[in-house]
Amino acid sequence: MAVILLIGLIGVAPPTHVRAYDTPDDGGGSIMVEWHLSQDDAILDGYEIYRSNDGDVYEKVGFIGRNRTRYEDSNTEDGENYFYKVVALKDTLKMYSQASQPVMSSPQWFDLPKLNILIACVIFGGLILYFVYHARKGKELYIRKIAGLQAIDDAVGRATEMGKPILYTTGTGLIGDIATIASLNILGEIAKKCARYDTQLINPHLDPIVYTVAREVVKESYTQVGRPDAFDPDSVYFITDLQFAYAAAVSGIMVREKPATNFLIGWFMAESLILAETGASTGAIQIAGTDRVPQLPFFITACDYTLIGEELYAASAYISKEPLLLGAIKGEDLGKLIIGAALIAGSIIGLLTKLPILNLFK
Amino acid sequence: MKKTFPLFLLFIFGILGIIPFIVPHPIVQDTNNFLLNVFLKILAAFALILGLGSLLRVHMDKIKRKRQNWQYSWVLIITFIITSIIGLFGGVTGEGILPTRIGSFSFDIWTLYFNIEVPLGATMFALLAFFMASAAYRAFRARSSEATLLLVSAFIIMIGVLPLGERISHHLPSFTQWIMDVPNVAAQRGILFGVALGMLATALKIILGIERSWLGGGGGE
């Protein structure tokens, strides 16, 4: 009671050193306000932030709890001057700070905190291009064997011998997903094999754009191997853009058509297990591949071969054996080596800082 | 020209896709939003027409040739026509030119979605429980040393997250958490590093025209 009376008599201390500045690395329309805490911060309700265009009339733009020293006003007009005051608030008692210097927001052309990502991308991109350049000069590159990709020839051959179709699904990803694009690359190579062996290909789709692209990919593959007449336009078709309706439809195809080989390669969600288990129950050889870590255990469990993560991206190069594409894989591997070395070095340094011996160097 | 022009377009739009990541300026962001939200939707609308055309063609052909289970194709075509009529005349939420109700059932897409599509989707999703049981049986057969390791760790985790685990040993729940947080996360991160680099390489290969499988492969003009 005595404290409340005292506060009523002498008030609360206002925040000090109010500073306003244009929010860095943004697209404009935002100003950052910072201040030093009020000496009575512990008993405050919080801080109110006031803004003015002319330094005379202020309007409230926000409130933030106590023990906070920063507020982002993300509703400003670029190129217009603003003054800010921060108010210490206790019940109905308000204590205004000094006004900040005038400040204006403006958009930036570069997001500086992302510079490290850009540099890393440039370095890894450079490595990949370096190895592509070397591959172009004819340097032979060794690529480790990937069981899932080695089995593709057997899987296509089995379907041909049995006179049964091959089912290829790119999953439920959209054309913006890199896994879907990688899957389309693999589809092109498998379509070539189907064209050579005259094996029927079934390729149902969830996304109309992916369907349109896949249709062209398969058609071009048939043309590339000199069998444009063998291309069946109805082998690549759109089903639905609903996830579980698609899963039901593809499961139905597996049960009715009984494909000899199922390729489940691309971007998958919960339907991965439905498709993989249904395929396994029909006795088909199943080759799956995805970069979605939560779906990998389902594929590993229910499929004969699984392309894990990066193997999906390496598949197209592995199947086509094109030197330029193989060069890119070598670049990826070196990138992983660098990341691995950095992780080991970071772990060692992190462990060493715990050792008492390092105190000797202080 | 047949391949050069798509590759040229791909290079331009590939670069346009990278720039908004590092340039926050509204000119760049607005252009990116236009490409993603407006341009892509227009493209998707045209692709949808092609997609529906392909779906109908496949099923018409199935009926024409009386292939196996051709009767079900009629179900698809009839429901397609009914849904189209309801969508065109009843609208999405009943604001169409001919809003019709029979009792509490209003003829619009929203009603169809919630009364037919959602329960059917939920049914498929519910089937996952049975698929998981059968997949778990397959995974937990100790056929190799890796499978045995999987079986043992899965058993520890299943017991560890139950109240029974705490009863057996006070250390079991924390050991379970350690398996989830350390070996599990380490393996996932290893995969994710590979995936990230693979994505970068694939994107670069496609933008620079090195990867052309999506064009049917080869380097012809």
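This passage looks at chain B, its contact with chain A, and one helix of chain A in a predicted model.

Chain B is mostly a matter of helices: 8 of them, along with 2 strands. Read from the N terminus, the order of elements is α-α-α-β-β-α-α-α-α-α, with the two strands sitting next to each other in that order. The chain is anything but a neat ball. Its radius of gyration comes out at 27 Å, whereas a compact globule of 221 residues would be near 17 Å. Along the principal axes, the C-alpha atoms of chain B take up a box of roughly 70 × 55 × 45 Å. Burial within the chain is put at 14% of the 221 residues. As for contacts in chain B with a separation of 6 or more, 19% of them link residues 24 or more positions apart.

The domain assignment splits off two pieces of chain B, domain 1 (1-67) and domain 2 (70-139). Their centres, taken over C-alpha atoms, lie 26 Å apart. Where the two meet, domain 1 of chain B puts in 6 residues and domain 2 of chain B puts in 5. On the domain 1 side, that contact is made up of 3 charged, 2 nonpolar and 1 polar residues.

Then there is the contact between the chains, which draws on 57 residues of chain B and 68 residues of chain A. On the chain B side, the elements giving two or more residues are α1 (4-22), α2 (26-64), α4 (109-139) and α8 (183-207). The biggest giver is α8(B), with 16 residues. By class, the chain B side counts 35 nonpolar residues, next to 16 polar and 6 charged ones.

Over in chain A, helix α3 (residues 147-162) deserves a look of its own. This helix has 16 residues and spans 22 Å from first C-alpha to last, close to the 22 Å expected at 1.5 Å a residue. Even so, α3(A) bends by about 30° at D153(A). The buried residues of α3(A) are G148(A), L149(A), I152(A), A155(A), V156(A) and A159(A). Three or four places apart is the spacing at which residues of an α-helix point the same way, because there are 3.6 residues a turn. Among the elements of chain A that cover the buried residues of α3(A) are strands β8 (166-171), β11 (261-267), β12 (285-290) and β13 (305-308), together with helices α4 (178-197) and α9 (310-320). Just past the end of α3(A), G163(A) adopts a positive phi of about 70°.

Technical notes:
Residues numbered from 1 in each chain as written. Chains lettered and ligands numbered in written order. Predicted model: local features only at pLDDT ≥ 70, side-chain atom pairs only at ≥ 80, totals over all residues. Domains from an automatic or database assignment. Contact = placed C-beta atoms within 7 Å. Nonpolar A, V, L, I, M, F, W, Y, C, P; charged D, E, K, R; others polar. Helix = DSSP H or I, 4+ residues; strand = E, 2+ residues; numbered from the N terminus. Expected span 1.5 Å × (residues − 1). Bend = angle between axes of the 7 residues up to and from the residue. Buried ≥ 20, exposed ≤ 12 C-beta atoms within 10 Å, placed from the backbone. Rg over C-alpha atoms; globule rule 2.2 N^0.38 Å.
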